[in-house]
Amino acid sequence: MKILITGGAGFIGSHVVRLFVRKYPEYQIFNLDALTYAGNLENLKDIERSPNYSFIKGDITDEDFIQQIFAGHGFDRVIHLAAESHVDRSIHSPMDFVRTNVLGTAVLLNAARKFWKDNAEGKLFYHVSTDEVYGSLTDKGFFTEETPYDPRSPYSASKASSDHLVRAYNHTFGIPAVISNCSNNYGSNQFPEKLIPLMINNIIHNKPLPVYGKGANVRDWLWVEDHARAIDVIFHKGKSGDTYNIGGHNEWKNIDIVHLLCQIMDRKLKRTEGTSALLITYVKDRAGHDFRYAIDAGKLKAELGWVPSITFEEGLESTVDWYLANQEWTNHVTSGEYQQYYTAQYSKR
Ligand code: NAD
Ligand code: TYD
């Protein structure tokens, strides 16, 4: 089986690529990535020489190029993760999100349609999406696969659009497709613009910890390797045309996570208890900030038997250990464009 994985040099994509390359030596894995600020081949150093792995540098919005690689390699299946993925950036530059997430997905679907139209047997377009397409919850209830779409940021609106395109190509053209909508991920190799790695990095460098609004917003956190395991299960056992929600049943208020990270970091860095928490700084809230996300992953458990493999406490310990042991990685990914982004995002808050 020849599998095209898009966005495989990013955070979640690199974990998916590693899992598939190691677990399925009989599959040929092609990682297509444009290597934007968020993509980094250092994430895949340990598997880059595997005989069943190849890297292709390219942009999913480049239709001629995408058609060329489909023609050249004859992919049987696609796992599509390439995207612009950060809500705050989508507030600064919404058009980048429309281009990559909407147009890029359409270009990939068109190629699948063109090259699979005569024989869709065994083919699959697996689209990796987010729970943010469902909108924002109050303090009650959960997102299920039946929750109506109600995206509220340019990021979630662009992901919702891409989900709709995947369903439309499945329904209209018979492209075999599955979609999964996952809650917030955390773990190694996450770009330090997202809450958990940003806080870890700032604690290491004694920088202010910017908590938006009152820190009362709630997210449902899942360890990235458990997300990759869920993708593996859905890829092999999911039903074409279906959607699966993935989540950790692990809801946390932002401020509570920041305090927990401060405690863990004080211990690891041998600082007096309470030292890192002094860095907490409440800043202007995010525009249109969704209050709460929480996933009901009951369908995935009941139909395909997936449950998370570790607790949040275990996952957070190992994540902090990874960032402490890999400060060179963080220095590298934050050395260029990140500095301008950070100033634009945080200096006026
Ligand atoms: P990321 O930003 O870390 O990685 C995105 C990758 O896509 C990068 O390697 C980047 O270089 C690549 N890319 C961007 N634009 C491209 C283009 N035009 N052509 C080719 N490659 C391009 O993102 P992530 O957090 O790993 O998320 C991966 C996917 O999972 C996204 O589709 C995202 O919407 C979804 N998702 C993320 C989360 C989360 O918590 N991070 C949760 C649920 C779903
Ligand atoms: P983030 O990691 O950006 O994920 P998402 O917005 O996709 O859920 O943010 C998680 C939560 O943390 C969200 O409620 C916004 C908040 N947040 C802060 O309070 N400060 C920060 O510096 C960042 C990046 C996020």
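1. Let's start with one contact in this predicted model. An oxygen atom of ligand 1 sits 3.0 Å from a polar backbone atom of Leu81. When you have the structure open, this pair is a good place to begin looking around ligand 1.

2. Two further contacts of ligand 1 are worth finding. A polar backbone atom of Phe11 is 3.1 Å from an oxygen atom of the ligand, and a polar side-chain atom of Lys159 is 2.6 Å from an oxygen atom of ligand 1. Notice that Leu81 takes part through its backbone, while Lys159 uses its side chain. How much of ligand 1 does the protein cover? On its own, ligand 1 has 840 Å² of accessible area, and the protein covers 96% of that.

3. Now for the neighbours. There are 28 residues around ligand 1, and those that come nearest are Ile12, Asp33, Ser85, Tyr155 and Lys159. You have already met Lys159 as a polar contact. Sorted by character, the shell around ligand 1 has 13 nonpolar, 12 polar and 3 charged residues.

4. Which elements each supply at least two residues of the shell around ligand 1? They are the helices α1 (11–23) and α5 (154–173), together with the strands β5 (124–130) and β7 (184–186). The largest share, 3 residues, comes from β5.

5. On to ligand 2, where the protein again offers both backbone and side-chain atoms. A polar backbone atom of Pro210 lies 2.7 Å from a nitrogen atom of ligand 2, and a backbone N or O atom of Tyr212 is 2.9 Å from an oxygen atom of the ligand. From a side chain, an N or O atom of Arg286 comes to 2.5 Å from an oxygen atom of ligand 2. The protein covers 98% of the 510 Å² of accessible area that this ligand has on its own.

6. Where does the shell around ligand 2 come from? Two elements, α6 (195–204) and β8 (209–212), give two or more residues to it. Strand β8 provides the largest share, 3 residues.

7. One last look at the residues themselves. Ligand 2 has 18 residues around it, of which Glu132, Arg219, Arg286, His289 and Tyr346 come nearest. Arg286 also makes the side-chain contact described above. How many residues of the shell around ligand 2 are nonpolar, polar and charged? The shell divides into 8 nonpolar, 5 polar and 5 charged residues.

How values were computed. Residues are numbered from 1 along each chain as its sequence is written. Chains are lettered from A and ligands numbered from 1 in the order in which they are written. This is a predicted model: local features need pLDDT of at least 70, side-chain atom pairs count only at pLDDT 80 or more; totals for chains, interfaces and linings use all residues. Side-chain values use heavy atoms; hydrogens and water are left out. A residue is near a molecule or strand if one of its heavy atoms lies within 4 Å of it. A polar contact is a pair of N or O atoms within 3.5 Å; within protein, one must be able to donate a hydrogen and the other to accept it, and residues adjacent in sequence count only if both atoms are side-chain atoms. Accessible areas come from the Shrake-Rupley method with a 1.4 Å probe; for residues, only the protein chains shown count as cover. Helices (H or I, at least four residues) and strands (E, at least two) are DSSP runs, numbered from the N terminus. Ala, Val, Leu, Ile, Met, Phe, Trp, Tyr, Cys and Pro count as nonpolar, Asp, Glu, Lys and Arg as charged, and the others, Gly among them, as polar.
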